[in-house]
Amino acid sequence: MEIYDFIYKIDSFCNYSNNWNIIQDSYTDEKYGYFADKRPIEVLIKNSIINADKPPGPTSHEVAYWIKQMFKVSKAGHGGTLEP
C-alpha cells in the first residue's frame, strides 16, 4: 500500500477531507547502492554489527577472532566488554 493511500484512508475514516500537496516523492537509484532489504549477504556481513552473546570462558579477543574467521572479514572488534 502506498503511503498516500494510507493517508487518504485515514482521512476517509475520520470523515476529514484535505487536499494534500505532495511536492516530490523520494527516489533512490540502485546504481548508487542497495536498498536495505535487497542487500546481498556479503555486503551485510562486511558492513554490519553483530550482536554476540558471549558465554563465559573465551575472551573477547578470541570471539572477535572467531568472527573474523567465520565470516572471512579482515576487521572485527568489540565495543565495550563482552565479559558477563
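This is a short dialogue on reading a few features of a predicted model.

Me: How do I look for empty space, and what is the volume of the largest pocket?

Reply: Start with the general idea. Rolling a probe the size of a water molecule over the atoms shows where empty space is left. In this model, the largest pocket has a volume of about 410 Å³.

Me: How many residues line the largest pocket, and which lie nearest its centre?

Reply: The lining has 19 residues. Nearest the centre are Ser48, Ile50, Ile67, Ala76 and Gly77. Two elements give two or more residues to this lining: helix 2 (41–46) and helix 3. Helix 3 provides the largest share, 4 residues.

Me: How does the lining divide by residue type?

Reply: Sort the lining residues into three classes. For the largest pocket, 11 are nonpolar, 6 are polar and 2 are charged.

Me: Take Ile67. Is it buried or exposed?

Reply: Read the relative accessible area. A residue counts as buried when that value is under 20%. Ile67 has 17% relative accessibility, so it counts as buried. Its place is in helix 3.

Me: How far apart are Ile67 and Gly77?

Reply: Give two answers, one in sequence and one in space. Ile67 and Gly77 are 10 residues apart in sequence. From C-alpha to C-alpha, they are 8.9 Å apart. Both are among the residues nearest the centre of the largest pocket.

Me: Now the surface. Which residues make the nonpolar patch?

Reply: The patch is made by Ile50, Tyr65, Trp66, Met70 and Phe71. Its area is about 540 Å². Ile50 also appears among the residues nearest the centre of the largest pocket.

Me: Where does Phe71 lie, and what is its relative accessible area?

Reply: Phe71 lies in helix 3, which covers residues 60–71. Its relative accessible area is 34%. Partly exposed means between the buried limit of 20% and the exposed limit of 50%. Phe71 is therefore partly exposed.

Me: What about backbone angles? What is the phi of Asn15?

Reply: Look at the sign, then at the residue type. Phi of Asn15 is near 55°, a positive value in a residue other than glycine. Asn15 sits in the loop between helix 1 (3–13) and helix 2. It is exposed, at 74% relative accessible area.

Me: And what is the phi of Lys72?

Reply: Phi of Lys72 is near 50°, again positive in a residue other than glycine. Lys72 lies in the segment after helix 3. With a relative accessible area of 74%, Lys72 is exposed.

Conventions:
Residues are numbered from 1 along each chain as its sequence is written. This is a predicted model: local features need pLDDT of at least 70, side-chain atom pairs count only at pLDDT 80 or more; totals for chains, interfaces and linings use all residues. Side-chain values use heavy atoms; hydrogens and water are left out. Patches are made of residues with over 30% relative accessible area and no salt bridge: like charges are joined within 9 Å, nonpolar side chains (Val, Leu, Ile, Met, Phe, Trp, Tyr) within 5 Å. Accessible areas come from the Shrake-Rupley method with a 1.4 Å probe; for residues, only the protein chains shown count as cover. A salt bridge is a side-chain nitrogen of Lys or Arg within 4 Å of a carboxyl oxygen of Asp or Glu. Buried means under 20% relative accessible area, exposed over 50%, partly exposed in between (1.4 Å probe, protein chains only). On a 1 Å grid over the protein atoms alone, a cavity is a set of points where a 1.4 Å probe fits but cannot get out, and a pocket is an open set with protein on both sides within 12 Å along at least five of seven lines; lining residues have an atom within 4 Å of a point. Grid points are joined across faces, edges and corners, and a volume is the space filled by probe spheres set on the points. Ala, Val, Leu, Ile, Met, Phe, Trp, Tyr, Cys and Pro count as nonpolar, Asp, Glu, Lys and Arg as charged, and the others, Gly among them, as polar.
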